[in-house]
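I am opening a page of notes on a structure that is new to me, and I want to write down what I look up in the order in which I look it up.

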Amino acid sequence: SRKREEEAMKSLGRLLGPRPLSSQTVPRVPRQGVLIPQVPPVTKLSVLENGFRVATERSVAECETATVGVWIDAGSRYEAEENNGAAHFLEHMAFKGTTKRNQRQLEVMIEDNGAHLNAYTSREQTVYYAKLFKEDARFGVEVLADILQNSLLQPRAIERERDVIMREMEEVNKQHEELLLDLLHAAAFKDGGLGRTILGPEQNIQSIHQQDLRDYIETHYTAPRMLVVAAGAVDHAEIVDLSSEFFGRVPRESQTNFAVDFDPATFTPTEVRLPSSPEEEPRAHVALAYSGANWTSEYSTPVMVLQHMLGQWDRLNPAGGGVDSPYPLTRLLAAKKDVCHSYMHFNTCYKDAGLFGVYLVCPPEGVEETIHTVVSHFAALSKDGGFDDHDVHRAKAQLKANIIAQLDALAHVCEEIGRQYLTYDRRVTLAEVLARIDAVTPDDVRATARKFLEDQDHALAAYGVITDVPSYDQCHIRNH
């Protein structure tokens, strides 16, 4: 519970220097001597004989529901160019019928039990989860095991689903932020797994067949790379027994000769520009990013603090502050009339890479000045006087508030547990996360800005009326 975490934060704890985020990696942080509170373990972990892991976290507060899911250490970056889109295609096919129940029976069972079944695919993970009543744990684990291990993948269903995924692609491309971030990945990780989209290209969606999907399952759905996570009104022993019953025969190793690992990420400082007519999109959308910190980097926490020092702003939101905002970048952009409509920061971490930057929406005539203002501000962050101590304090408070707010939902708790075990091979408690944030100093942030921003190459994606988007060299020289 939050109260328990707060009490743990008040304890003296133990002075470490510092405790590693990952069991395989011992990162250094810019400032040594992080106070890591010793919190009694809340998350319980068991490993089945085949290497399949089971992690649960029981809610202390009264709770009538639970969320249970399967986290798989495989996503779109594990695909080759030829089968890019297979993981996402499988997500669709999982709900189309199994050897035990057809699609209608599956849907009726979910509705009759008042449950909610969903899935998503990311670049590094695939997740299937169910929200249900506490007495339905067996039902949830059995259904998840069924759709993951017994899906029919019927050719006729595959053909029908092609059109569904193509419509989904059309909808995604209408969302400018989604489109820009896909283009940004294509620029930042050119010709690599991280640079490919999650849905895959149209030609793959139209050509993926049953054997492609079976090959992906047999290659990547192996026990050591899978994890059952349950949170809420759950009993650890019961979830372990159910996982053993329904996932105990998942193979330890790949059943194919295909590559099981992803290709290492290499940041490529390039740009992708997709111009449109003023009728299609009259504004300029720009995503500007630098190579960031990976999940286990010594800089991962300082980069998150640096991210929250940038602030966010939308001129249509009166609560955004504008020229009265406490964030320097917001004040700079808001003070320039008709230069910027909105901006947001982002910091995306992967196992061996990261992207740190901003997403800008501007009138075409203001995009050049907006980009120059942003890049110059990035350069100033690494200099003495570029920010004050209160800027760091505010960013740390915002970061902690955002992290804590996400844990109010059981699905987000499961997400944290699943991601952390697949990424760090251990559960990182909220108390430890908050302690690491508190330990970041202004000097740490300044050193981090020097490493990741000052005179560093960038990647850029632009869409819309982008004639006035400055050249790559013009952007870079402003950051020197």
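Before anything else I settle a term: I take two strands as paired if DSSP finds at least two bridges between them. I also note that this is a predicted model.

**Entry: the sheet.** I began with one pair of strands, and found that strand 5 (residues 65–72) and strand 7 (residues 126–133) run together in the antiparallel sense over 8 bridges. Within this pairing I looked up Thr65, which stands opposite Phe133 in strand 7. I then followed the neighbours outwards and came to an open sheet of 6 strands, whose order is 3-4-8-5-7-6 and whose pairing is mixed. At the edges I found strand 3 (43–47) and strand 6 (116–121), each of which has a single partner strand, so one side of each is left without a neighbour in the sheet. With direction ignored, neighbouring strands of this sheet are turned by 15 degrees against each other on average.

**Entry: what packs on the sheet.** I next looked for a helix against these strands, and noted that helix 4 packs on the sheet, where it touches strand 5, strand 6, strand 7 and strand 8 (226–232). The direction of helix 4 makes about 155 degrees with that of strand 7.

**Entry: the cores.** Which residues touch the most other members of the largest nonpolar core? I listed Tyr128, Ile147, Leu148, Leu213 and Phe247, in a core that counts 56 residues. Helix 4 (residues 137–149) gives the largest share of this core, namely 8 residues. Apart from this core I found another, of 46 residues, which includes Leu381, Leu399, Phe452 and Val469. As background I wrote that, in soluble globular proteins, nonpolar side chains tend to be buried together.

**Entry: helix 3.** At the start of helix 3 (residues 103–112), I saw that a side-chain oxygen of Asn102 reaches to within 3.1 Å of the backbone nitrogen of Arg104. Just after helix 3, Gly114 takes a positive phi of about 65 degrees.

**Entry: the cysteines.** How many disulfides does the structure hold? I counted 0 disulfides. For Cys340, which is in no disulfide, the nearest cysteine sulfur is that of Cys362, 4.6 Å away, while a disulfide needs the two sulfur atoms within 2.5 Å. Cys340 counts as buried, because its relative accessibility is 4%. Cys414 is likewise in no disulfide, and the nearest cysteine sulfur, that of Cys63, lies 11 Å away. Cys414 also counts as buried, with a relative accessibility of 0%.

Methods: Residues are numbered from 1 along each chain as its sequence is written. This is a predicted model: local features need pLDDT of at least 70, side-chain atom pairs count only at pLDDT 80 or more; totals for chains, interfaces and linings use all residues. Side-chain values use heavy atoms; hydrogens and water are left out. A nonpolar core is a set of buried Ala, Val, Leu, Ile, Met, Phe, Trp, Tyr and Cys residues joined through side-chain atoms within 4.5 Å. Buried means under 20% relative accessible area, exposed over 50%, partly exposed in between (1.4 Å probe, protein chains only). Helices (H or I, at least four residues) and strands (E, at least two) are DSSP runs, numbered from the N terminus. Axes are lines fitted to C-alpha atoms, for helices over the stretch in contact, and angles run from 0 to 180 degrees between N-to-C directions. Contact means heavy atoms within 4.5 Å. A polar contact is a pair of N or O atoms within 3.5 Å; within protein, one must be able to donate a hydrogen and the other to accept it, and residues adjacent in sequence count only if both atoms are side-chain atoms.
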